[in-house]
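Please look through the model below with its charged side chains in mind. The paragraphs that follow take up the pairing of those side chains and then the chain as a whole.

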Amino acid sequence: MSVSVRYPTYVAFLEGRLVSRGTLPVVARAAKLALEAGASRPIQVFDAESSEPWDLDLSGTLDDVEQRHRLDDIALPRPARSGPGRPKLGVVAREVTLLPRHWSWLNEQPGGASAALRRLVDEARSTYAERDAVRRAQERCYRFMSYTLGDAPGFEDAARALFAGDGPAFAVQISAWPADLREHLGRLAAPAFRRGPTTQ
């Protein structure tokens, strides 16, 4: 049985212009070529999903860079180790700290404390799925803005619009920013504006 592996996507920007978007080898190659073409400013690389900055080692030749960032060398999730828990179900044992009254209530629930906690988590994930998606979008968008456009005109007002869920105001504030950055911000921020502006 073959396993389909989804590799992370990265983006690279140089002075507000998109250099590359793709897997790490694709982005590393494009970044190295940009440097060889005479790029005078640092190339900023980010995880396209989380907006976490990513440091590439672009030293050496193009072949060196390609070998250093091969997909085969990217760490993949490892199978859960055997031990406490129920590995066939993917259950992992970890410490949970609660007050005595919490343990007392959990132990009275059908299936015991562990089963009750799993039900509570699943219910919370379902209940707050939309809210959590909005929060994640806000966080990753603000993180990207802070790294790339922290000193840009309209940054503070754009951030306020982002966390208020005000898409039109956000679009106005970033309208003068470089087009490639605006396009990427639009991708990141889209879930944050699905519910419309929030009232204070």
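A salt bridge is counted here when a side-chain nitrogen of Lys or Arg lies within 4 Å of a carboxyl oxygen of Asp or Glu. In this predicted model, the side chains of aspartate 157 and arginine 160 satisfy that criterion, with N and O 2.3 Å apart. Both residues belong to helix α6, which spans residues 155-164, and because they are three residues apart there, about one helical turn separates them. As for their surroundings, aspartate 157 is partly exposed at a relative accessible area of 37%, while arginine 160, at 53%, counts as exposed, because the category of exposed begins over 50%.

A pairing within another helix is found in α8, residues 179-189, where arginine 187 and glutamate 183 lie four residues apart, again about one turn of the helix. The closest N and O atoms of this salt bridge are 2.8 Å apart. Arginine 187 has a relative accessible area of 43% and is partly exposed, and glutamate 183, with 41%, is likewise partly exposed.

What does the salt bridge between arginine 143 and glutamate 52 link? The two side chains meet at 3.5 Å, N to O, and the pair connects distant parts of the chain, 91 residues apart: arginine 143 sits in helix α5 (residues 129-149), whereas glutamate 52 sits in the loop between β3 (44-47) and α2 (62-68). Arginine 143 is partly exposed at 25% relative accessibility, and glutamate 52, at 37%, is partly exposed as well.

Beyond these pairs, a network of salt bridges links Arg131, Asp132, Arg135 and Glu139. By the rule stated above, the count of salt bridges comes to ten.

The wider setting of these interactions is a protein chain whose secondary structure comprises eight helices and three strands. Read from the N terminus, its elements follow the order β-β-α-β-α-α-α-α-α-α-α, so that a helix stands between the second and third strands and helices alone follow the third strand. Of the 200 residues in the chain, 32% count as buried, where buried means under 20% relative accessible area. The chain exposes about 13,400 Å², of which carbon and sulfur atoms supply 52%. Finally, among contacts between residues at least 6 apart in sequence, 59% join residues at least 24 apart.

Conventions: Residues are numbered from 1 along each chain as its sequence is written. This is a predicted model: local features need pLDDT of at least 70, side-chain atom pairs count only at pLDDT 80 or more; totals for chains, interfaces and linings use all residues. Side-chain values use heavy atoms; hydrogens and water are left out. Helices (H or I, at least four residues) and strands (E, at least two) are DSSP runs, numbered from the N terminus. Buried means under 20% relative accessible area, exposed over 50%, partly exposed in between (1.4 Å probe, protein chains only). Contact means heavy atoms within 4.5 Å. Accessible areas come from the Shrake-Rupley method with a 1.4 Å probe; for residues, only the protein chains shown count as cover.
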